[in-house]
Amino acid sequence: MEGVLLTGSAQAGLAGECVRCLEPIEDETEVRFQELFVYDDTRDSEQNSEDDEVSMLQGDLLDLEPLLRDAVVLALPFQPVCQDDCPGLCTECGARLADDPDHSHEAAIDPRWAKLAHLEPEQDSPRDPD
Ligand SMILES: [Zn+2]
Ligand SMILES: [Zn+2]
């Protein structure tokens, strides 16, 4: 009596990148939605017709876009990955580890100690001025 109850589903193509290795991801999602679109006969009342909470019919038409957008956004993965066990990028050189699982470097010096590597061992002990 008060409007049109819309029930539907939609398929949407997704494009993004893996949060771990930045590899492009393409996927598909299917969303379902249901919304009551009320007849726009309250225009002369105090009710604000721009109220986001209420979907209005516009004449005989309804605007599906906000509803569809909300449904798709909610269905998006929060942290998309190219594969569930994506190992991410090498912290040394940025290589994508999924492409090169045996990737390794010479044992890196702990950066906290790296400066010590430049120190020359002293020949004479300063405690012994002789
Ligand atoms: Zn990845
Ligand atoms: Zn590397």
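Which side chains does a polar contact of 2.7 Å join? They belong to Arg-96 and Asp-99, and the close-ups below, all taken from a predicted model, start with that pair.

**View 1. Arg-96 and its surroundings.** Look for Arg-96 in the segment that comes after α1 (65-75). Its side chain meets that of Asp-99 in a polar contact of 2.7 Å. Arg-96 counts as buried because its relative accessibility, 15%, is under the 20% cut-off. Leaving aside residues up to four places away in sequence, Arg-96 touches Cys-21, Glu-23, Cys-82, Gln-83, Gly-88 and Leu-89.

**View 2. Glu-23 in its loop.** Glu-23 sits in the loop that links β1 (3-17) to β2 (24-38). With a relative accessible area of 32%, Glu-23 is partly exposed. Not counting residues up to four places away in sequence, its contacts are Gly-16, Glu-17, Cys-18, Cys-82 and, linking back to View 1, Arg-96. Now find Gly-88: it is 65 residues from Glu-23 along the chain, yet their C-alpha atoms are separated by 9.4 Å.

**View 3. The zinc ion (ligand 2) and its donors.** Four protein atoms hold the spotlight here: Cys-90 (SG), Cys-93 (SG), His-103 (NE2) and His-105 (NE2), lying 2.0 to 2.3 Å from the zinc ion (ligand 2). The angles among the 4 donor atoms run from 101 to 117°, and the site is tetrahedral. Reading along the chain, you'll find the donors spaced as C-x2-C-x9-H-x1-H.

**View 4. Two of the zinc cysteines, buried or partly exposed?** Cys-90 is buried, at a relative accessible area of 11%, whereas Cys-93 is partly exposed, at 45% relative accessibility. Both donate to the zinc ion (ligand 2) through their SG atoms.

Notes. Residues are numbered from 1 along each chain as its sequence is written. Chains are lettered from A and ligands numbered from 1 in the order in which they are written. This is a predicted model: local features need pLDDT of at least 70, side-chain atom pairs count only at pLDDT 80 or more; totals for chains, interfaces and linings use all residues. Side-chain values use heavy atoms; hydrogens and water are left out. Helices (H or I, at least four residues) and strands (E, at least two) are DSSP runs, numbered from the N terminus. Buried means under 20% relative accessible area, exposed over 50%, partly exposed in between (1.4 Å probe, protein chains only). Contact means heavy atoms within 4.5 Å. Donors are N, O and S atoms within 2.8 Å of the metal (3.2 Å for Na, K and Ca); water is not among the atoms, so sites may look incomplete. Four donors count as tetrahedral if all angles lie between 85 and 135 degrees; four count as square planar and six as octahedral if opposite donors are over 155 degrees apart and all others between 65 and 115; anything else is irregular. A polar contact is a pair of N or O atoms within 3.5 Å; within protein, one must be able to donate a hydrogen and the other to accept it, and residues adjacent in sequence count only if both atoms are side-chain atoms.
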